[in-house]
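Please find below a note on the model that you sent for comment. The points are numbered for ease of reply.

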Amino acid sequence: ATTIYLKDYQVPDFLIDRTALHFEIFDSHTLVHSTLAMRRNPAAKNASAPLVLDGCELELEALSIDDQAVTESGYESAGESLTIHTVPDSFTLRCTTRIYPQNNTSLEGLYKSSTMYCTQCEAEGFRKITYFLDRPDVMSVYTVTVDADSKRCPVLLSNGNLVSTETLEGGRHRAVWEDPHKKPAYLFALVAGDLERVSDTFTTMNGRKVDLHIYVEEKDLDKCDHAMLSLKNAMTWDEEVYGREYDLDIFNIVAVDDFNMGAMENKSLNIFNTSCVLASPGTTTDAGFQRVEGVVAHEYFHNWSGNRVTCRDWFQLSLKEGFTVFRDAEFSADMGSRVVKRVEDVGLLRTAQFAEDAGPMAHPVRPDSYMEISNFYTVTIYEKGAEVVRMIHTLLGPELFRKGSDLYFDRFDGQAVTCEDFVKAMEDASGMDLGQFRLWYSQAGTPQVDARGEYDAEANTYTLTFKQSCPKTPGQPQKEPFHIPIAMGLLGDAGALRLELKGEAPNPDTADNTHTVLHLKQAEQQFVFENVPEKPVPSLLRGFSAPVKLQFDYSRDELLFLMQHDDDGFNRWEAAQQLGVLALKELVAAHQNNEVRALDERLITAGRNLLNDDSLDLAMVALMLTLPTEAYMAEVMQPVDVLSIHAARMQARLELATALKEEFTNTYRTLSRRQGDYQPSAEQIAQRSLKNLCLQYLMLLNDEHSLQVCMEQLDTSDNMTDRIAALVALVNSEHEPQKALALQKFYQDWQHEPLVINQWFQIQATSHLPGTLKRVQELLNHPAFEIRNPNKVRAVIGAFCGQNAVNFHQTDGAGYRFLADRVIELNTLNPQIASRLLGPLSKWRKYLPEQQALMKAELERIAAEPKLSRDVFEVVSKSLA
Ligand code: DPP
Ligand code: ZN
């Protein structure tokens with residue numbers, strides 16, 4: 001496979017001013033007739049360049065230029081392109097291709113999901129529909145005509161406005177759609193099927209009335225309310241926070257069961273994975289509700305950050321994704337609990353993204369090269385990209401940031417631009433120098449920041465010394481120091497201390513002088529605080545103000561102090577995490593040495609205080625009572641000893657459960673009583689999360705009373721959050737007959753709801769008990785399993801390999817073999833999903849030597865397969881390099 005480089009970028013040789021597509025959908029095939037108004041790009045380097053169109057797996061039926069047929073000698077077709085050597089400066093290209101959506105298992109281009117037709121064109125799926133200039137800097141105005149059977153496909157949708165409908169002969173009908181906004185091909189969408197819809201309206205800030213529709217299968221009509229409400233909230237929020245108004249009279253969402261991603265922001269016709277749009281209390285957990293809210297907002301926000309202003313090339317993917325993730329995270333924070341949202345996001349970043357940044361696929365937020373762009377829809381592009389935008393927000397402050405975003409949208413509306421254009425707009429609007437800051441876009445790897453503090457009691461000064469470094473990553477042996485914003489405060493016995501930074505005038509604007517943002521720019525840098533009356537405990541990197549690994553030698557008592565007294569909610573949680581890390585590390589070491597060691601008493605005392613204090617936010621209590629995850633421990637203890645980490649964490653949880661049995665029981669009882677109608681509100685979610693955490697701890701005790709409580713919750717809950725929590729606790733317990741019966745009953749009750757059955761799959765695939773791999777293999781043969789459906793693959797295979805470390809890494813290597821077999825199977829069916837599944841194997845170098853050898857052997861087995869997709873080849877070859 002060839003590697004594509006950012007440095008080779010060239011403007012397109014041709015432009016497409018207008019695109020007319022006519023789809024004739026038949027059972028056996030689809031014909032696509034395209035008419036493109038093309039001309040040479042005046043900015044092109046080569047004024048006589050041949051026309052090179054992108055096309056993949058297409059049967060070409062007709063091709064003409066200005067109504068002159070192009071004969072076979074007039075073009076050359078090779079790989080994924082079609083070259084026409086001589087063309088005029090301006091011309092009409094017509095072409096007809098024949099495609100087979102029903103055989104398209106890659107779920108890119110036009111494909112069939114059960115009985116409906118739909119498209120997924122980002123990043124390069126449009127070339128599977130017709131020959132085109134399939135690159136985001138070629139933007140065109142589209143008219144789309146769709147013909148299909150009236151009965152099988154009563155609903156025909158595309159981007160923009162419906163301009164006409166028509167009944168055709170032979171029981172067929174037609175719809176014509178026109179999108180007045182020019183767009184790149186990756187934002188094209190088409191849907192044809194038998195769908196019902198839920199409708200509402202939204203009136204924008206300037207009085208435009210927008211029709212909102214959510215299209216689903218009839219059986220799912222009762223699961224659209226939350227998405228609709230989320231959409232309206234997102235539309236209001238984008239007006240209020242970014243001044244962005246919707247720009248068409250119609251906004252459609254369609255739910256599809258077979259979908260590679262979460263959702264897709266096609267202009268005015270968002271296509272969603274059912275898992276990210278359908279929600280009802282009876283079938284969806286709190287996490288599911290929050291996901292729907294977040295993804296609906298994310299795709300809506302793309303209308304400006306992605307569609308109105310799009311990417312010049314795919315190296316700039318984070319321009320739209322990082323910014324849009326930052327936007328949706330802030331939206332969710334405003335709709336629910338800000339601290340909880342931040343804790344969740346940082347949790348993902350510090351496990352998945354930090355691991356990616358330390359592995360063979362590490363890449364900068366703006367990559368320099370790729371083989372297959374689908375492999376770059378990563379936690380680095382999305383989550384780290386969002387952190388980079390968040391840092392700009394922190395450095396500029398909300399007002400200047402808004403000035404910068406206004407300038408960005410204004411300056412680049414209707415254009416395809418770069419990450420550099422975004423940063424420049426922020427710089428121009430704020431006057432801040434972001435020169436060094438730009439390294440966050442070009443350098444991969446997670447910076448390590450080591451900090452120490454020194455108090456001088458005579459001079460009343462406190463000196464913080466920071467050292468930063470960044471490990472080497474593929475292609476980047478050496479790194480320059482980053483510009484790192486460190487939000488911080490100093491805590492004294494009586495509370496937060498006033499900050500007087502040496503060499504800086506106190507800021508008269510801020511009444512609150514107890515919080516500041518330090519600009520760490522050098523490899524080593526000191527900050528001296530003056531008039532510090534006592535030895536402080538520093539609260540550093542508040543709100544996780546930069547995506548770095550911070551090391552500060554806190555004593556455990558200082559961490560306990562921060563847990564109680566920090567003004568920053570995120571850092572209170574972080575102190576609890578770091579305390580947990582220290583305690584777990586001790587237990588891991590003991591386990592490795594076959595020693596018996598008890599959990600640090602202080603964790604038990606802290607837990608008791610949290611459970612006994614009614615003044616605390618319940619969500620915070622739940623978060624702080626959750627020990628660092630195994631995935632996070634794997635990030636802070638390398639090489640990773642999976643089994644010891646698991647054993648240590650289980651031991652710590654059991655000790656907490658035993659010591660705090662009474663507190664967990666009381667809290668559980670109190671919270672169970674507080675029930676009203678189910679709402680996915682921050683308050684109720686907090687209650688349920690703490691209640692269910694208590695249940696999980698109690699179930700570790702393996703006693704009759706806990707079992708009874710758990711069974712009662714399972715049988716009597718009116719919502720899926722509580723039901724699933726009880727089932728998870730039961731499935732991970734030793735109560736054999738009850739477990740099997742409950743799983744069986746759950747399946748019987750919910751077999752008609754695929755999304756619920758996916759959770760049923762996932763719960764079994766993530767059981768930490770022995771024998772899980774065998775069960776997972778059985779599940780692959782379960783009638784409800786379907787290897788062609790990405791959600792099911794993720795629920796069974798993805799969950800087992802990615803969220804069940806102790807079983808995936810079982811010592812005989814059977815977990816690795818299982819994954820390699822599935823990757824080989826999916827490689828031909830759906831390369832994107834196959835490649836994505838490989839993640840856990842690709843990071844083989846961080847495990848113990850015996851595991852490394854077994855993992856590597858499986859990667860080599862995959863590498864030896866004769867026909868590897870570009871997707872899988874890239875990940876496997878880079879993993880073994
Ligand atoms: N559909 C994906 C997203 O919204 C890719 N654009 O992030
Ligand atoms: Zn996105």
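The points below deal with the basis of the model, its domains, its sheets, the ligand shell and one loop residue.

1. Basis. The structure is a predicted model, in which local features need pLDDT of at least 70 and side-chain atom pairs count only at pLDDT 80 or more, whereas totals for chains, interfaces and linings use all residues. Residues are numbered from 1 along each chain as its sequence is written, while chains are lettered from A and ligands numbered from 1 in the order in which they are written.

2. Domains. The assignment divides the protein chain into domain 1 (4-194), domain 2 (310-442), domain 3 (448-504 + 513-546) and domain 4 (751-881); such bounds come from an automatic or database domain assignment. Between the C-alpha centres of domain 1 and domain 3 the distance is 55 Å.

3. Strand β12. Helices (H or I, at least four residues) and strands (E, at least two) are DSSP runs, numbered from the N terminus. Of the 11 residues in strand β12 (residues 139-149), eight are buried, a term that requires 20 or more other C-beta atoms within 10 Å of the residue's own, with 12 or fewer for exposed, partly exposed in between, and C-beta atoms placed from the backbone. Two strands pair if DSSP finds at least two bridges between them. Strand β2 (residues 14-25) pairs with β12 in the parallel sense over seven bridges, and L21 has V144 in β12 as its bridge partner. With strand β15 (residues 172-184), β12 pairs in the antiparallel sense over 10 bridges; here Y142 is matched with D179 in β15 as its bridge partner.

4. The three-stranded sheet. An open sheet with antiparallel pairing has the order β4-β8-β7. Because β4 (51-54) and β7 (75-78) each have a single partner strand, one side of each is left without a neighbour in the sheet. Neighbouring strands are turned by 20° against each other on average, direction ignored; the axes are lines fitted to C-alpha atoms, for helices over the stretch in contact, and angles run from 0 to 180 degrees between N-to-C directions. Four bridges connect β4 with the antiparallel strand β8 (residues 81-84), where L82 is the bridge partner of L53.

5. The five-stranded sheet. A second open sheet, of mixed pairing, follows the order β17-β18-β19-β21-β20. Its edge strands, β17 (196-203) and β20, each pair on one side only. Strand β20 is joined to β21 (residues 269-273) by two bridges, and the two run antiparallel; A263 stands opposite F272 in β21.

6. Ligand 1. Which residues are around ligand 1? They are E122, M261, A263, M264, E265, H298, E299, H302 and E321, where a residue is near a molecule or strand if its C-beta atom, placed from the backbone, lies within 6 Å of it. Two elements, β20 (263-264) and α2 (286-301), give two or more residues to this shell. By class, the shell holds three nonpolar, two polar and four charged residues; Ala, Val, Leu, Ile, Met, Phe, Trp, Tyr, Cys and Pro count as nonpolar, Asp, Glu, Lys and Arg as charged, and the others, Gly among them, as polar.

7. Annotated region. The unreviewed UniProt entry annotates residues 230-437 as "domain: Peptidase M1 membrane alanine aminopeptidase"; positions are in the numbering used here, feature names are shortened, and annotations may be inferred rather than shown by experiment. Over residues 230-437 the chain is 55% helix and 10% strand, with its end C-alpha atoms 34 Å apart.

8. Residue Y847. Y847 lies in the loop between α25 (839-842) and α26 (849-863). This residue counts as buried because 20 other C-beta atoms lie within 10 Å. Although Y847 and Q638 are 209 residues apart in sequence, their C-alpha atoms are 7.4 Å apart in space.
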